[in-house]
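Biologist: Please put the sequence and the model up. I have some questions about the ligand shell and the parts around it.

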Amino acid sequence: MIEELFDMRGQVAAVTGAASGLGLATAEVLARAGARVVLLDVDARGLQAAKQAIESEAGHAETAVLDVSDRAAVRAAIDDIAHRHGRLDAVVANAGVSAGPGYRTEIGQINAVQDEQWDRVLAINLSGVFVTLQAAAAHMKKQRSGRIVAMASVAGLKSEVMCGYAYTATKAAVVNLVRQTAMELAPYNVMVNGIAPGPFRTQIANGRIRQPEVEAEFANLETQGRDRPMPVISFMLWCSLLGTGARTRPVVGRSACPGAPAAHDSSVSPRVPR
Ligand SMILES: NC(=O)c1ccc[n+]([C@@H]2O[C@H](COP(=O)([O-])OP(=O)(O)OC[C@H]3O[C@@H](n4cnc5c(N)ncnc54)[C@H](O)[C@@H]3O)[C@@H](O)[C@H]2O)c1
């Protein structure tokens, strides 16, 4: 397995949205690599099940209930992890929600978008990611090491008929947030990357992704491994968490999804602060 290629023993990692789907798969990969993983999620019951699943197979896991749309709570949670463990090596800003179906449906069209829904999706998918990166950066810049990964989506790289407006807008914003943060933090030996997956059968959108008509749409995409996020996430984490950071390559990688543009990979050599 690819996770055997990276060793995170003695390191501390935090994952938001870790009670389900891609966040849980990420936490499992990190735990298998030996990291002490803190699972953060708004779903308290889901967290307990996730902790048990990880501890029965992969290793050590802690949990804390956290709503990433509560900025003060995010800062407090990340500070608490860093202070209790005395270090913070990896943070994965994964928590995210759907904004409903795309514009092929009546409720997905631009004039049907409700203010409350727009605001909620932005608060979780964009502000939640921003404040997670911000809180992680405060510790990692000081310790002059660390890795941050933000979960974007192919829907942030191109127009996506299956996804609602707020979803595509926030995921596109996350892509550039990653680029911007990667540039600032690289001189501090902190590497920031984004992952832009194609569709996986998770609980997102209350499982809408599993409905027959949605399945039929996705079947055309010939995506692979949608029921098995672990190997795909392993590979993506391996790509995005490894590296020296002295010369950083912010990468927005994507899972197999024909139709999406090629992964962005811009090499940069930022100036080291004195
Ligand atoms: N499943 C896919 O096809 C797909 C594709 C591309 C990107 N993504 C992204 O991957 C990430 C994970 O999604 P998933 O598919 O695993 O969905 P999921 O619904 O299975 O898991 C999302 C987790 O985030 C948690 N969460 C939701 N709101 C939260 C909040 N305010 N604070 C803290 N936790 C919160 C949920 O409780 C859940 O445990 C999201 O950012 C999503 O946009 C998913």
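The questions below go from the ligand shell to the core and then to one loop residue.

Biologist: Which helix gives the most to the shell around the ligand?
Modeller: Bear in mind that this is a predicted model. The ligand is surrounded by 29 residues, and the closest include Gly17, Ser20 and Gly21. With three residues, the top contributor is helix 1 (residues 21-32).

Biologist: How many residues of the shell around the ligand are charged?
Modeller: The shell has 14 nonpolar residues and 12 polar ones. The charged residues number three.

Biologist: Is helix 1 largely enclosed or open?
Modeller: Burial here takes 20 or more other C-beta atoms within 10 Å. Gly21, Glu28 and Arg32 are among the residues of helix 1 that reach it. In fact 12 of the 12 residues are buried, so helix 1 is largely enclosed.

Biologist: What span does helix 1 reach from its first C-alpha to its last?
Modeller: Helix 1 has 12 residues. At 1.5 Å a residue, 16 Å is expected. The model comes close to that, with 17 Å.

Biologist: Which residue just after helix 1 takes a positive phi?
Modeller: Helix 1 covers residues 21-32, so look just past its end. There, a phi of about 100° belongs to Gly34.

Biologist: Which helix gives the most to the largest nonpolar core?
Modeller: That core has 75 residues, and Val15, Ala27, Leu30 and Val37 are among those that touch the most other members. The most residues, 10 of them, come from helix 4 (residues 115-143).

Biologist: Which residues does Val37 touch beyond four places in sequence?
Modeller: Two of them, Ala27 and Leu30, are also among the core members with the most contacts. Ala31, His60 and Ala61 are touched too. The list is completed by Ala13 and Val15.

Biologist: Where does Ala14 find its opposite residue in strand 2?
Modeller: Strand 1 (residues 12-16) is mostly covered. Ala14 lies on one side with Val12 and Thr16, while Ala13 and Val15 take the other, and all are buried. Strand 1 pairs with strand 2 (residues 36-41) in the parallel sense over five bridges. Opposite Ala14 stands Val38.

Biologist: Is Gln203 buried or partly exposed?
Modeller: Gln203 sits in the loop between strand 6 (190-196) and helix 6 (212-219). Beyond its neighbours within four places, Gln203 contacts Ser20 and Gly21. Its C-alpha is 9.7 Å from that of Val97, 106 residues apart along the chain. With 16 other C-beta atoms within 10 Å, Gln203 is partly exposed.

Notes. Residues are numbered from 1 along each chain as its sequence is written. This is a predicted model: local features need pLDDT of at least 70, side-chain atom pairs count only at pLDDT 80 or more; totals for chains, interfaces and linings use all residues. A residue is near a molecule or strand if its C-beta atom, placed from the backbone, lies within 6 Å of it. Helices (H or I, at least four residues) and strands (E, at least two) are DSSP runs, numbered from the N terminus. Ala, Val, Leu, Ile, Met, Phe, Trp, Tyr, Cys and Pro count as nonpolar, Asp, Glu, Lys and Arg as charged, and the others, Gly among them, as polar. The expected span of a helix is 1.5 Å times one less than its number of residues. A nonpolar core is a set of buried Ala, Val, Leu, Ile, Met, Phe, Trp, Tyr and Cys residues joined through C-beta atoms within 7 Å. Two residues are in contact if their C-beta atoms, placed from the backbone, lie within 7 Å. Two strands pair if DSSP finds at least two bridges between them.
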